[in-house]
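These are my notebook entries on one protein chain. I record what I looked up and what I found.

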Amino acid sequence: MITPDAVKGAAQHAVKRARGNVRPRAAHNGPARVKPPAQRGSVATTSPPDERNRRTLTDAASAQKGARPEDLLLYADRSVVVLNKPRNLISQLSQSRMVRKLPESIRDIQQMLGLKEDLRTVHRLDKPTTGVILLAKTGKAAREMASQIYEKKIRKTYLALVLGGASDFPEAEGVMKTLLECRGGRVRSVDSGEPIAPLEAAGDSWLKDAVTEYRVLSTSPKVPLSLLSLDLVTGRKHQIRAQLAQHLRTPILFDPIFGDRGRSLEVARALKGNFTHSLYLHASRITCIRYCRLRRPKQVRLSIGAPLPVAFVRACRAAGIPLDVDQLTGGVWINDTKVRGVLGSVNGSHEDVSRTSHEGGVREDVEDVIQDLGGRWYGPTELPPPSEYQGP
C-alpha cells in the first residue's frame, strides 16, 4: 500500500535530484562519481609559507587526537593535494562514509584551498599506518595518478621500526621477492617452493608477486631494534608488514596483525619508554611525475615527504637510533633537489629552503618548476626544538 507520506517523500527526492542536491550512490569499489560543478576550484597560492603555516611535531601529535585540517595538510598545487595521515584515520572510503567519518577535516581542507569539488583518493594506507597520502583535485588528475600507479611510475618510500638487530640483517640492503597469498582477506607471505593449496573461487582470495626493496638505516645499540627504509616495487595489501614478519622474520614493532607482541613489550620495557602500542610504519615520501606548462623539459619528478609522528621519533630516541632533518620535517623535492622545507642537520645549522630560494640557495630552474605547478608547502619550515621531538 502506498501511503501519502511515501508519495510526498518520493516527490521531494525527485525535486532534489533535479536540482542536483542528491549525491549519487557510492560504487562498491571506491568513491562515488560526482558530476563536477560548472565552477572549478581556485589554484593554491605559490608564495612561500608564512608564520601561520609553521607546524612542528607537537601539531602532529594533536593531529592523532583530533585530525585537524591544518595538521593534515602538507602540500597542494593545481592538481594534487598531499596529506600527512595520522594513525587510525581511514584513507579510502565511499563518499557517504567519508562525509560521516570526517565531516570537518576534509571539508575544511577543501575550504582552505578554495576547492569546489570533492577531493579524490588515489591510493590507500592501512588504518594504523601514518604518513603521506596523495589526493587528486579533479577527475583528470585522479586518472593521471592512477595511470602512473598502474605503470609503476609512482614511488612510495616507507620507514619502519622492526624487531631485529645487526645479526638479523647480514646485508645492509636487499630485495624481498615473495608471493603474497590472500585467503578470505587474510594475507601471508609465501617463499619460493612453499606448497600452496588451491584458492577458493569466491571471496577475497588471490595469489600475487610482491617485491620490496629495503635498506637498514640504523640499528639500536641498546636493544634488537632497527630502522629500515622500504621502497615498494609492487603495491599489495599488507605487503611490507607480511614480508618483514614472515620472510625476513623481523616484524614491525607493535604490528597488531603480523607482529610479535611479546618481543615488542620486551623492547619497550628494556628502553623504559612510554611507547604507543601501535604500528611503527610511516609512509615517508611519495614521488610522482608532473608536467610543467611553461618550461622545458616539461616532465619532472615531484617528491613530497611527511614528518614522522612524535611516537615514532621518541621511540627512535629511546633506542639510540638517529634521525635526519628530512625524516623529522618532510619537504618538497623537484628532481631530487629540495625546494621546500628545512635544510641542514639536526645538531648543526638549518634554514627554511623557501627563504633561501630567492638568495641563490636553490637552483633557479627547480624553483621555477614549483612556481609553474602552483605548488605550496604547508608543512614545517623550521626544525622543532630538541625538547619537542625528543620527549621525556
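Entry 1: surface of the chain. I looked up the accessible area in this predicted model. The chain exposes about 19900 Å², and carbon and sulfur atoms supply 49% of that area. I then asked what share of the residues is buried. Of the 392 residues in the chain, 51% are buried.

Entry 2: elements and contacts. I noted 13 helices and 15 strands in the chain. I next considered contacts between residues at least 6 apart in sequence. Of these contacts, 67% join residues that are at least 24 apart.

Entry 3: a nonpolar patch. I found that Ile-196, Leu-199 and Leu-207 form a nonpolar patch on the surface. Together they have about 210 Å² of accessible area. I located Leu-199 in the loop between strand E7 (186–190) and strand E8 (206–219). Is Leu-199 buried or partly exposed? Its relative accessible area is 33%, so I entered Leu-199 as partly exposed.

Entry 4: the cores. I looked up the largest nonpolar core and found that it has 83 residues. Among the residues with the most contacts inside it are Tyr-75, Leu-161, Ile-252 and Phe-275. Helix H9 (residues 310–319) gives the most to this core, namely seven residues. I also recorded a second, separate core of eight residues, which includes Leu-180, Ala-242, Ala-245 and Phe-258.

Entry 5: Ile-252. I listed the contacts of Ile-252, leaving aside its neighbours within four places in sequence. Its partners include Leu-161, Ile-240, Leu-244, Gly-259 and Tyr-280.

Entry 6: Val-80. I placed Val-80 in strand E2, which covers residues 80–85. Why does Val-80 count as buried? Its relative accessibility is 1%, and buried means under 20%, so Val-80 belongs in that class. Not counting residues up to four places away in sequence, Val-80 touches seven others that I wrote down by name: Tyr-75, Leu-134, Leu-135, Ala-136, Lys-137, Met-145 and Arg-290. I also checked Val-80 against Arg-120, which is 40 residues away along the chain. Their C-alpha atoms are separated by 9.2 Å.

Entry 7: His-238. I found His-238 in the loop between strand E9 (225–232) and helix H7 (239–246). Its relative accessible area is 14%, and therefore I entered His-238 as buried. Which residues does His-238 touch, not counting residues up to four places away in sequence? I recorded Asp-126, Val-187, Ile-257 and Phe-258. Phe-258 had already appeared in my notes as part of the second core.

How values were computed:
Residues are numbered from 1 along each chain as its sequence is written. This is a predicted model: local features need pLDDT of at least 70, side-chain atom pairs count only at pLDDT 80 or more; totals for chains, interfaces and linings use all residues. Side-chain values use heavy atoms; hydrogens and water are left out. Helices (H or I, at least four residues) and strands (E, at least two) are DSSP runs, numbered from the N terminus. Buried means under 20% relative accessible area, exposed over 50%, partly exposed in between (1.4 Å probe, protein chains only). Contact means heavy atoms within 4.5 Å. Accessible areas come from the Shrake-Rupley method with a 1.4 Å probe; for residues, only the protein chains shown count as cover. Patches are made of residues with over 30% relative accessible area and no salt bridge: like charges are joined within 9 Å, nonpolar side chains (Val, Leu, Ile, Met, Phe, Trp, Tyr) within 5 Å. A salt bridge is a side-chain nitrogen of Lys or Arg within 4 Å of a carboxyl oxygen of Asp or Glu. A nonpolar core is a set of buried Ala, Val, Leu, Ile, Met, Phe, Trp, Tyr and Cys residues joined through side-chain atoms within 4.5 Å.
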